[in-house]
Amino acid sequence: MAFAETLRFEAYSGAGVIKDTLLFQILTMTRPDEVRGAKQQEFDLEKATWTIPAERVKMRRDHVVPLSESEDCGEGKKSL
C-alpha cells in the first residue's frame, strides 16, 4: 500500500497542488513556510537534496533535506 493511500489522499477532490504540497511536506518533514518559500535553484536533483537557506530556517543555518526516491514523490521531483 502506498503512503498516500494510508492517508486517504485518493479521496481528496480539491486542487491537485494542495494535495501535492501536503504530501511533499510530509515526506520531507518541513515547515509550511519553508515549502511555500522554496525556489527551484535550491533543489539539486542530481544529489536528490533540497538546501533551504539559513534565513528561512528556524535554526538560522542552511538545512539540507534529502529528497525521497519513493514513487509517492517521483512526479513532484520531475516538475521542479
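**Group meeting: a walk through the model**

Let's start with one residue: aspartate 33 is exposed, at 52% relative accessible area. Quick reminder before I go on, this is a predicted model.

So, who does aspartate 33 pair with in a salt bridge? That would be arginine 36, and the closest N and O atoms of the two are 2.1 Å apart. Arginine 36 is exposed too, with a relative accessible area of 62%. Both sit in helix H3, which runs over residues 32–36, and because they are 3 residues apart there, about one helical turn separates them.

Okay, let me zoom out. The chain has 80 residues, and 28% of them are buried. You'll find 4 helices and 3 strands. Going along the sequence, the order is α-α-α-β-β-β-α. The chain exposes about 6000 Å², with carbon and sulfur atoms supplying 54% of that. And if you take contacts between residues at least 6 apart in sequence, 23% of them join residues at least 24 apart.

Back to the charges. In general, side chains of opposite charge can pair when their charged atoms come close. How many salt bridges are there in the whole structure? The search turns up 3. You've met one of them, between arginine 36 and aspartate 33.

Another joins the side chains of glutamate 34 and arginine 31, at 3.8 Å from N to O. Is glutamate 34 buried or exposed? It's buried, since its relative accessible area is 5% and the cut-off for buried is under 20%. Arginine 31, on the other hand, is partly exposed at 44%.

Then there's glutamate 42 with arginine 56, whose side chains meet at 2.6 Å, N to O. This pair links distant parts of the chain, 14 residues apart: glutamate 42 is in the loop between H3 and strand S1, while arginine 56 is in the loop between strands S2 and S3. Glutamate 42 counts as buried, at 11% relative accessibility. Arginine 56 comes out as partly exposed, at 23%.

Now for the inside. In soluble globular proteins, nonpolar side chains tend to be buried together. Here, the largest nonpolar core has 8 residues: Val35, Phe43, Ala48, Trp50, Ile52, Val57, Val65 and Leu67. Take isoleucine 52 from that list. Leaving aside residues up to four places away in sequence, isoleucine 52 touches Thr30, Glu34, Val57, Arg61, Asp62, His63 and Val65. And yes, that Glu34 is the one in the salt bridge with arginine 31.

Next, the rings. There are 3 aromatic pairs in the whole structure. One of them is phenylalanine 24 with tryptophan 50, a tilted pair at 5.4 Å centre to centre and 45° between the planes. Which parts of the chain does this pair link? Phenylalanine 24 belongs to helix H2 and tryptophan 50 to strand S2, 26 residues apart. Tryptophan 50 is buried, with a relative accessible area of 0%, whereas phenylalanine 24 is partly exposed at 21%.

Tryptophan 50 also pairs with phenylalanine 43, and this time the rings are stacked, 5.1 Å centre to centre with 10° between the planes. Phenylalanine 43 is buried, at 14% relative accessible area. Put Phe24, Phe43 and Trp50 together and you get one aromatic cluster.

What about the outside? Which residues make a nonpolar surface patch of about 360 Å²? Those are Tyr12, Val17, Ile18 and Leu22. Leucine 22 lies in helix H2, residues 16–28, and is partly exposed, with a relative accessible area of 42%.

Last stop, the backbone. Methionine 29 isn't a glycine, yet its phi is positive, about 55°. Where is methionine 29? In the loop between H2 and H3, and it counts as exposed at 73% relative accessibility. Arginine 60 also has a positive phi without being a glycine, near 60°. Look for arginine 60 in the loop between S2 and S3, where it counts as exposed, at 56% relative accessibility.

If you take one picture away, make it tryptophan 50: buried at 0%, listed in the largest nonpolar core, and clustered with Phe24 and Phe43. Thanks, everyone.

How values were computed: Residues numbered from 1 in each chain as written. Predicted model: local features only at pLDDT ≥ 70, side-chain atom pairs only at ≥ 80, totals over all residues. Heavy atoms only, no water. Patch = residues over 30% accessible without salt bridge, like charges linked within 9 Å, V, L, I, M, F, W, Y side chains within 5 Å. Areas by Shrake-Rupley, 256 points an atom, 1.4 Å probe, with all protein chains shown as cover. Salt bridge = Lys/Arg side-chain N within 4 Å of Asp/Glu carboxyl O. Helix = DSSP H or I, 4+ residues; strand = E, 2+ residues; numbered from the N terminus. Buried < 20%, exposed > 50% of the residue type's maximum accessible area, 1.4 Å probe, protein only. Core = buried A, V, L, I, M, F, W, Y, C linked by side-chain atoms within 4.5 Å. Contact = heavy atoms within 4.5 Å. Phe/Tyr/Trp six-rings, centres within 6.5 Å; stacked < 30°, edge-to-face > 60°.
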